[in-house]
Amino acid sequence: MERKQVLVPEADLARQRDFEEKIKAMFAGRQAHPVACVDTFGCQQNVADGQKLMGMLQDCGFTLTEEPAQADLVILNTCAVREHAEDRVFGNLGALTHAKKENPEMVIALCGCMAQESRVSERIKKSYPLVNLVFGPHALWKFPELLWQVYESRKRVFSVDDEHGTIAEGIPVVREKGVKAWVSIMYGCNNFCAYCIVPYVRGRERSRDPQCVLREVRELVEAGYKDITLLGQNVNSYGNDLGIGYDFADLLADVDKIPGEYLIRFISSHPKDATKKLFDTMARCPHVAKQLHLPVQSGNDRVLKEMNRRYTREKYLELINYAKSVMPGLVMTSDIIIGFPGETEEEAMDTVSLVEEVGFDALFTFIYSPRPGTKAAEMPDPATRAEKQKWFDKLLETQNAMSAKLHAAYIGKTVRALVDGESDDPAFPLTARTEGNRLVRLKGDKALIGQFIDVRITDSNTWALYGEPV
Ligand code: SAH
Ligand code: SF4
Ligand code: F3S
C-alpha cells in the first residue's frame, strides 16, 4: 500500500513558529504578561494534545495556570465519547462566559473532539457568542495561527473542517512533572465500532514514523521518565499505513532496546488485531510491563457483532489464555459497555460471566450513551435506564469482588514498584505503581519518589494495595 502524504511540511510548521513570535511580540509591546489555562477532558490522547497546546502557548509567551478564573485565555480541550462528558463542557462554558462578563478581555477557546462535531460547533456559533475560537483535533498544529487571527481580527474564528488527518512532528510539549510520560504513536481510528464517535472526530489511522517514536522515548528515558505509555486508539494496527512491513510488536521490541531503568506500557489494544507475536514480544522484553488493557466491551457474540467489534467471545478468551500462558501473573484490564441498543438482560449477564471467567484486575465500565451520527444511535433501544443500571450494578459488584480477591492475594508478597507521588493519607504518605499498574499506598520517605523499590504488601482492598519498603 502506498503511504499517503500525512506529514505536515516543515515549512508550514515554521510558519506557525512565526505566528508564535508575533503573538509574543504583541504582548511584549503591551508590556502584558498573559496567563493561559488548558482544561482537558477525556482520554490520554487528549491529555497528550493538551500538553502540546501548553507547549505552543509557552512559545507564544504565556505562563500557565490551572485556575481558569486567573487566565486571560482559557482553552477547553473537550471529549465527545459520552453525553455526560459533553454536558460537563457546556456547564463549564456557561460558567466561563459568566466570568468573561466580568473580564471582557478574556479569550475563550474550545478544541478537542467535541469541536470536530458540526452539531456542537453550530451550537457554539449560535448560542455561545462569547466563545472566540473553536478548532478540532485536525487543526491543533495550526493553533498559533488561529490564535493570532483571534487577537488581530477580533472576530470569532472557527477551524473545524473535516480534513484528512495529518501528523505534525516536533510540536513542543509541556509534560507532567514526575516519572510518567505519554507518547502518541498513531492518531485516528478506522474501526467504526457502532457506538463510538472517535473515528468521526479523530479521522483515519495514521502512524508516526518509528524513528520519531524511538527518538522521543529515548529522550524521555534520558530525561528521567520511568513509566512511559505508548498511545493510540488501537495500537495493534500501528504500522499498517506505513507499508514497510513493520508492526506494533516490532516497535515494542525496538523501544525495549533503549537502555535504562524504565517501563513501557501501551493503550489501547483492539482484540481483533492482537497477535501472538505481540504477546510473545511482551513476554521477552524486560522493559515492557506485564500488563494488558484489552477492551472487550461485551461477552455476548450477538452484541459484539452488532457493535462491529469483529471478534467473538471465544476468540477473546483464546487471546487472553495465550497471553496468560506466556506471561504468568499478567495484570489484565478492560473496557465494558452495558446497555448497548437491543441488549437483553441475558446478554448483559454473558458479559458478567465473561468478566468472572477472565478475572480482570480492574475494569472501566460504562452505560451506553447514544452519540448522534453513529450507527448505534439509530438502533432501537428498548431497555429502560433502570434495567441497564441494574445490570451495570451487577457487573460492578462482580468486578469489585474480583479486584478485592486478586488484591488480597498480594498480601505477604514482595513486589517491585515505582514510587510516583505523595498521598493525603498520613499513615501511607506515598503512592506507587506495581509493574502491572496496581496502585500501592506506601509507608516511607518522600525521598523515594521516582525510584523503583521492593515493597512488601501488608494489606489491600478493592482499589489499592498497602505496603512498606523492604
Ligand atoms: N480506542 C479505545 C477506546 C476509546 S473510548 C479502544 O477501542 O479501546 C474508551 C471507551 O469508552 C471504549 O472502550 C468504550 O468502552 C467506551 N465508549 C465508547 N463509546 C461509548 C458510548 N457511546 N457509550 C458508552 N461508552 C462508550
Ligand atoms: Fe472507538 Fe472502536 Fe475506534 Fe476504540 S476501536 S476508538 S471503541 S471505534
Ligand atoms: Fe474522548 Fe476524543 Fe478521547 S472523544 S475519549 S477525547 S479520542
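User: Where is the place of His287 in this structure?
Analyst: The model is predicted. Two elements flank this residue: helix H9 and strand S12 (291-293). His287 sits between them, in the loop between H9 and S12.

User: Is His287 buried or exposed?
Analyst: Buried means under 20% relative accessible area. The relative accessibility of His287 is 13%. Because that value falls under the cut-off, His287 counts as buried.

User: Which backbone oxygen lies 2.7 Å from a polar atom of the side chain of His287?
Analyst: Leaving aside neighbours within four places in sequence, His287 is in contact with Asp256, Ile258, Gly260, Tyr262, Leu263 and Ile264. Its side chain makes a polar contact of 3.3 Å with the side chain of Tyr262. The backbone oxygen at 2.7 Å belongs to Gly260.

User: How many residues surround ligand 1, and which are the closest?
Analyst: The shell divides into 7 nonpolar, 4 polar and 3 charged residues. Strand S13 (331-338) and strand S14 (362-367) each supply at least two of its residues. In total, 14 residues surround ligand 1, and the closest are Arg82, Gln233, Gln297, Asp335 and Ser369.

User: Which side chain has a polar atom 2.7 Å from a nitrogen atom of ligand 1?
Analyst: Arg82 has a polar side-chain atom 3.0 Å from an oxygen atom of the ligand. Ser268 also places a polar side-chain atom 3.0 Å from an oxygen atom. The side chain 2.7 Å from a nitrogen atom is that of Gln233.

User: What share of the accessible area of ligand 1 does the protein cover?
Analyst: On its own, ligand 1 has 540 Å² of accessible area. The share of this that the protein covers is 89%.

User: Which residue does a cis peptide bond join to Ile267?
Analyst: Omega of this bond is about -10°. The partner is found in the loop between strand S11 (263-267) and helix H9 (276-284). It also has a polar side-chain atom 3.0 Å from an oxygen atom of ligand 1. The residue joined to Ile267 is Ser268.

User: How do the residues of the shell around ligand 2 divide?
Analyst: The residues around this ligand are Cys189, Asn191, Phe192, Cys193, Tyr195, Cys196, Val198, Pro199, Gln233, His270 and Arg309. Gln233 also has a polar side-chain atom 2.7 Å from a nitrogen atom of ligand 1. The shell around ligand 2 divides into 7 nonpolar, 3 polar and 1 charged.

User: What is the phi of Phe192?
Analyst: Phe192 is in the loop between strand S8 (186-187) and helix H6 (198-202). Its relative accessibility is 30%, so it counts as partly exposed. Although Phe192 is not a glycine, its phi is positive, at about 45°.

User: Why is helix H5 largely enclosed by the rest of the structure?
Analyst: The buried residues of H5 are Phe143, Pro144, Glu145, Leu146, Leu147, Trp148, Val150 and Tyr151. What covers them includes helix H1 (10-29), helix H2 (44-59), S3, strand S4 (107-112), strand S5 (133-135) and S6. The helix, residues 143-153, is largely enclosed because the number of its 11 residues that are buried is 8.

User: Which residue just after H5 takes a positive phi?
Analyst: The residue lies in the loop between H5 and S6. Its phi is near 60°, and it is a residue other than glycine. The residue is Arg154.

User: Which backbone oxygen lies 2.7 Å from a polar atom of the side chain of Thr78?
Analyst: Thr78 lies in strand S3 (residues 73-78). It is buried, with a relative accessible area of 0%. Residues it touches include Phe41, Asn46, Val89 and Leu110. The backbone oxygen is that of Cys111.

User: What separates the C-alpha atoms of Gly165 and Val6?
Analyst: Gly165 lies in the loop between strand S6 (157-159) and strand S7 (180-184). Among its contacts beyond four places in sequence is Val6. The two residues are 159 residues apart along the chain, and their C-alpha atoms are separated by 6.9 Å.

User: Which residues touch the most other members of the largest nonpolar core?
Analyst: This core has 57 residues. One of the residues asked for, Tyr316, touches Pro271, Leu294 and Phe360, among others. The residues touching the most other members are Ile185, Val217, Phe248 and Tyr316.

Conventions:
Residues numbered from 1 in each chain as written. Chains lettered and ligands numbered in written order. Predicted model: local features only at pLDDT ≥ 70, side-chain atom pairs only at ≥ 80, totals over all residues. Heavy atoms only, no water. Core = buried A, V, L, I, M, F, W, Y, C linked by side-chain atoms within 4.5 Å. Buried < 20%, exposed > 50% of the residue type's maximum accessible area, 1.4 Å probe, protein only. Contact = heavy atoms within 4.5 Å. Near = heavy atom within 4 Å. Polar contact = N/O pair within 3.5 Å; in protein donor to acceptor, adjacent residues only side chain to side chain. Areas by Shrake-Rupley, 256 points an atom, 1.4 Å probe, with all protein chains shown as cover. Helix = DSSP H or I, 4+ residues; strand = E, 2+ residues; numbered from the N terminus. Nonpolar A, V, L, I, M, F, W, Y, C, P; charged D, E, K, R; others polar.
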